[in-house]
Amino acid sequence: MKFFVDTADVAAIKELNDLGMVDGVTTNPSLILKSGRDIIEVTKEICDMVEGPVSAEVVAEKAEDMIREGTKLAAIAPNIAIKVPLTWDGLKACRHFSDAGHMVNVTLCFSAAQAILAAKAGATFISPFIGRLDDIHLDGVDLIADIREIYDNYGYETQILAASIRSVNHIIEVGKIGTDVITAPPSVIKSMINHPLTDKGLAQFNEDWAKTGQKIG
Ligand code: G3P
């Protein structure tokens, strides 16, 4: 399972990247806003730090404007994946960039039908937003299962990038289905380590060790 970090917070990316846990980064306009940084500057800083794909999103609505914006974003670094929305204009821009040899992440996917269109338009990644489906009482994890089955049936090479991940359970569930990539906020990735039995076991070991009166080194 590839781990992308869903943030434009450079310090948070660095912390996980130093552990070798960052296979890529995803950003979006909301995350750029949260960072308080200039999109070009912060994206360049992230691309310099991380070897894998760094998604940077266009904000235009018309394909020709998306192509103009995406071309500017792609010039930041070779590891940019241009992120476009799942609209017909977005798919036109996707086809353009895919044919030109760029990585493309098609975002805001909420159905298997949309995911099929993205694959046919040459998307490198499809980003189904599972948490936002859960928010409206649908099952986001089921969508990942549907897309996995359909992509495997036809050998589509587009990678499933499970996004809008809100919990460790989301990561486990989409991992069992065989998502190619997850993108999650650093806080969710870091909380994967938590288990009360680990804490309890460690406390017991420390207590017993203190009773031995020994020291290592
Ligand atoms: O990668 C998509 C993500 O940033 C959206 O997450 O939690 O705002 O639905 P969320």
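1. A residue is called buried when its relative accessible area is under 20%, and exposed when that area is over 50%. By this criterion S127 is buried, because its relative accessible area is 2%. The structure discussed here is a predicted model, and the points below start from the overall fold before returning to S127.

2. Overall composition. The protein has 11 helices and 8 strands. Its C-alpha trace spans about 70 × 40 × 30 Å along the principal axes. Of its 217 residues, 45% count as buried. Considering contacts between residues at least 6 apart in sequence, 56% of them join residues at least 24 apart.

3. Strand β5 and its partners. Strand β5 comprises residues 103-109 and is mostly covered, with 5 of its 7 residues buried. It pairs with strand β4 (residues 80-85) in the parallel sense over 5 bridges, and within this pairing M103 is the bridge partner of A81. Strand β5 also pairs with strand β6 (residues 125-128), again in the parallel sense, over 3 bridges. Here N105 stands opposite F125 of β6.

4. Crossovers. How are these parallel strands connected through helices? Helix α5 (residues 88-99) joins with β4 and β5 in a β-α-β unit that is right-handed. A right-handed β-α-β unit is likewise made by β5, helix α6 (residues 112-120) and β6.

5. Surroundings of S127. This residue is located in strand β6. Once neighbours within four places in sequence are set aside, its contacts are N105, V106, T107, L108, C109, L161 and A163. The reviewer may wish to view this list together with the burial of S127, whose relative accessible area is 2%.

6. Aromatic pairs. A search of the whole structure yields 4 aromatic pairs. One of them, F4 with F125, is edge-to-face, with 5.6 Å from centre to centre and 75° between the planes. F4 belongs to strand β1 (residues 2-6) and F125 to strand β6, so this pair ties together parts that are 121 residues apart in sequence. Both partners are buried: F4 has a relative accessibility of 1%, and F125 has one of 2%. A further pair consists of Y154 and Y156, whose ring centres are 6.1 Å apart; the planes lie at 35°, so the pair is tilted. Y154 is exposed, with a relative accessible area of 60%, whereas Y156 is partly exposed at 23%. Ring pairs also link Y151, Y154 and Y156 into a cluster.

7. Helix α8. Does its geometry agree or disagree with the expected span? The helix comprises residues 140-154, and at 1.5 Å a residue its 15 residues should span 21 Å; the end C-alpha atoms are 22 Å apart, which agrees. Its buried residues are G140, V141, L143, I144, I147, R148 and Y151. Viewed down the helix axis, these fall within an arc of 150°, so they line one face of α8. E149 and N153, on the other side of the helix, are exposed. The elements covering the buried residues of α8 include β5, α6, β6, α7 (130-135), β7 (159-162) and α9 (168-177). Y151 thus appears in two contexts: among the buried residues of α8 and in the aromatic cluster.

8. Backbone values to check. Most residues other than glycine have a negative phi. Which residues depart from this pattern? L108 has a positive phi, near 65°. It lies in strand β5 and counts as partly exposed, at 33% relative accessibility. L108 is also one of the contacts of S127. S164 likewise has a positive phi, of about 55°, although it is not a glycine. S164 is placed in the loop between β7 and α9 and is buried, with a relative accessible area of 10%.

9. Drawing the points together. Strand β5 recurs throughout this note: β5 pairs with β4 and with β6, contributes to the cover of the buried residues of α8, and holds L108 with its positive phi. Strand β6 recurs as well, since β6 contains S127 and F125, the ring partner of F4 in β1.

Notes:
Residues are numbered from 1 along each chain as its sequence is written. This is a predicted model: local features need pLDDT of at least 70, side-chain atom pairs count only at pLDDT 80 or more; totals for chains, interfaces and linings use all residues. Side-chain values use heavy atoms; hydrogens and water are left out. Buried means under 20% relative accessible area, exposed over 50%, partly exposed in between (1.4 Å probe, protein chains only). Helices (H or I, at least four residues) and strands (E, at least two) are DSSP runs, numbered from the N terminus. Two strands pair if DSSP finds at least two bridges between them. A crossover is right-handed if, with the strands pointing away from the viewer, the path from the first strand over the helix to the second runs clockwise. Rings of Phe, Tyr and Trp (its six-membered ring) pair if their centres lie within 6.5 Å; planes under 30 degrees apart count as stacked, over 60 as edge-to-face and the rest as tilted. The expected span of a helix is 1.5 Å times one less than its number of residues. The arc is that of the directions from the helix axis to the C-beta atoms. Contact means heavy atoms within 4.5 Å.
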